[in-house]
Amino acid sequence: MVSSQHWGERKLLKKIRVEDLRLGMYITEFCGSWVEHPFWRTRFLLSNPKDLKSILNSGIEEVWIDSSRGDDVSSAAASESMELFQGRVESRVGKVAVAGDHLQSSTMEDELVQARKILHLSKNAMAEMFSDARMGNTVDMGVACNIVEQISNSIVRNPCALISLSRLKQADEYTYMHSVAVAALMMALARELKFDEVGVKEAGIAGLMHDLGKAVMPLDILNKPGKLTEHEFGIMKAHPGQGGEMLLSQGIPADSVTMDVCLHHHEKMDGSGYPHGLIGDQISTLAKMGAICDVYDAITSDRPYKDGWDPAVSIQKMMSWSGSHFDPVVFQSFVKTVGIYPVGSLVRLSSGKLAIVIEQSEGSLLRPIVRMFYSVNRARKISPVVMDLSRPGCDESIVQRENPKDWGLSDVHVLCFGEE
Ligand SMILES: [Fe+2]
Ligand SMILES: [Fe+2]
């Protein structure tokens, strides 16, 4: 029988220093860098002295414990505490967390290193979660919250790194990486739309879980290396409803954001979507966000049967669908989030050079930071040069989007990220 304990119970979480950790306490989260702590699962009853020793030796300084599931600590030892019910913060006492090192802004180059690790671990965690869901086991929402926390921190440090890396997917990991990518896009968009912190995290969880129903879709259809037949597409169309039922059985409330996005991320503004054919504002803002993030990640990702579209070309195409498929106002905010020329886009500059967008600039959506690598006029490669098109006095500008295929470029990501 499927348990709903992860969502149904009230929890009392306390942040304590590792020196105050004792056997018998229930750990729910390690503070600091997730990628460096010694355990994969972050929620467990601390009963093994070896585990306590590993934590003390790991460099982790603080952890969150749940005193409703294990031994408590004296209130003086907790630097922060909060009460949670069904995943929502009900009350919070003690000092509010200040931005620590893990939230200091970082360069694209530095954040790509972190983002790579976070994506790798998140993908594996999602694979496990889908497998649990497929077998009817309880899905560990603590793991989902942990993934969302790490993605959120990465986006705060650098808004583009993780999102641009998450487009790169291997065929066998598509569904899991897609869930992680949509979670990241949802959180970046929620920030642009000025959601509060709880709202941003809810949008992230919803993104992570939006395709949970795919866990029970026939694998031969889900992983088919080609276009689906009408019959197969009919079967796949059941995944929002199936996902909704699975979420309910996990104790996730019917009126939650997660449920809404899961059920309605394939609805379209003109009523031509599924499963309910909702029209316009019958679709919630969260579901409208879900639809945009879902399509953007799907069309920009490589699949076994088709190469992903260039990100800037994708934005242009989606703009033309705005109004019929997407809410134009939400879409505008999405463009502000990823850029008119998102990281990874191939563009031609006014001097006739080809360049790849490697970072958004603070100043202008139209003038990102690019790496020039080819002279069209001279028909030959040039030594790569990085240029911030928004820099005062810069006389280069983007004149058009380019299709990497037209230039025989299959390794745009190498040009963009500098390595395989
Ligand atoms: Fe979907
Ligand atoms: Fe999806």
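Along the chain, the donors of the iron ion (ligand 1) follow the spacing D-x27-H-x25-H-H. Donors here are N, O and S atoms within 2.8 Å of the metal (3.2 Å for Na, K and Ca), and water is not among the atoms, so sites may look incomplete. The model is predicted: local features need pLDDT of at least 70, side-chain atom pairs count only at pLDDT 80 or more, and totals for chains, interfaces and linings use all residues. Residues are numbered from 1 along each chain as its sequence is written, chains are lettered from A and ligands numbered from 1 in the order in which they are written, and side-chain values use heavy atoms, with hydrogens and water left out.

The protein donors of ligand 1 are Asp211 (OD), His239 (NE2), His265 (NE2) and His266 (NE2), at 2.1 to 2.3 Å from the iron ion. The arrangement is irregular because the 4 donor atoms subtend angles of 86 to 174 degrees. Four donors count as tetrahedral if all angles lie between 85 and 135 degrees; four count as square planar and six as octahedral if opposite donors are over 155 degrees apart and all others between 65 and 115; anything else is irregular. Distant parts of the chain are linked by a pair of these donors, 54 residues apart: aspartate 211 in the loop between H7 and helix H8 (219–222), and histidine 265 in the loop between H11 and H12. Helices (H or I, at least four residues) and strands (E, at least two) are DSSP runs, numbered from the N terminus. Aspartate 211 is buried, with a relative accessible area of 1%, and histidine 265 is buried at 2%. Buried means under 20% relative accessible area, exposed over 50%, and partly exposed in between (1.4 Å probe, protein chains only).

Aspartate 211 also leads to the other metal: this residue coordinates both iron ions, ligand 1 and ligand 2, which are 3.4 Å apart. The protein donors of ligand 2 are His178 (NE2), His210 (NE2), Asp211 (OD) and Asp294 (OD), lying 2.0 to 2.3 Å from the ion. Here the 4 donor atoms subtend angles of 82 to 178 degrees, which makes this arrangement irregular. The sequence spacing of the donor residues is H-x31-H-D-x82-D. Among them, histidine 178 in helix H6 (residues 174–192) and aspartate 294 in helix H12 (residues 285–300) are 116 residues apart and link distant parts of the chain. Histidine 178 is buried at 2% relative accessible area, and aspartate 294 is buried at 6%.

Helix H11 is largely enclosed by the rest of the structure, because 7 of its 8 residues are buried. The buried residues are Thr258, Met259, Asp260, Val261, Cys262, Leu263 and His264. They pack against H6, H7, helix H10 (239–249) and H12. In the loop between helix H11 (257–264) and H12 lies proline 275. The peptide bond from tyrosine 274 to proline 275 is cis, with omega near 5 degrees.

The next topic is the nonpolar packing. A nonpolar core is a set of buried Ala, Val, Leu, Ile, Met, Phe, Trp, Tyr and Cys residues joined through side-chain atoms within 4.5 Å. The largest such core has 91 residues, of which Ile151, Leu208, Met209 and Phe334 touch the most other members. H6 supplies the largest share of this core, 12 residues. Domain 2 (108–338) and domain 3 (346–417) each contribute at least three residues to this core, with domain bounds taken from an automatic or database domain assignment. Apart from this core lies another, of 16 residues, among them Leu21, Leu52, Ile65 and Ala78. Beyond its neighbours within four places in sequence, methionine 209 is in contact with Met129, Val139, Met141, Leu247, Thr258 and Cys262, where contact means heavy atoms within 4.5 Å.

Two loop residues have unusual backbone angles for their type. Most residues other than glycine have a negative phi. Lysine 194, in the loop between H6 and helix H7 (197–209), has a positive phi near 65 degrees and is exposed at 71% relative accessibility. Alanine 379, in the loop between strand E9 (369–375) and strand E10 (380–388), has a positive phi near 50 degrees and is exposed at 52%.

Taken as a whole, the protein has 15 helices and 11 strands. Buried residues make up 50% of its 420 residues.
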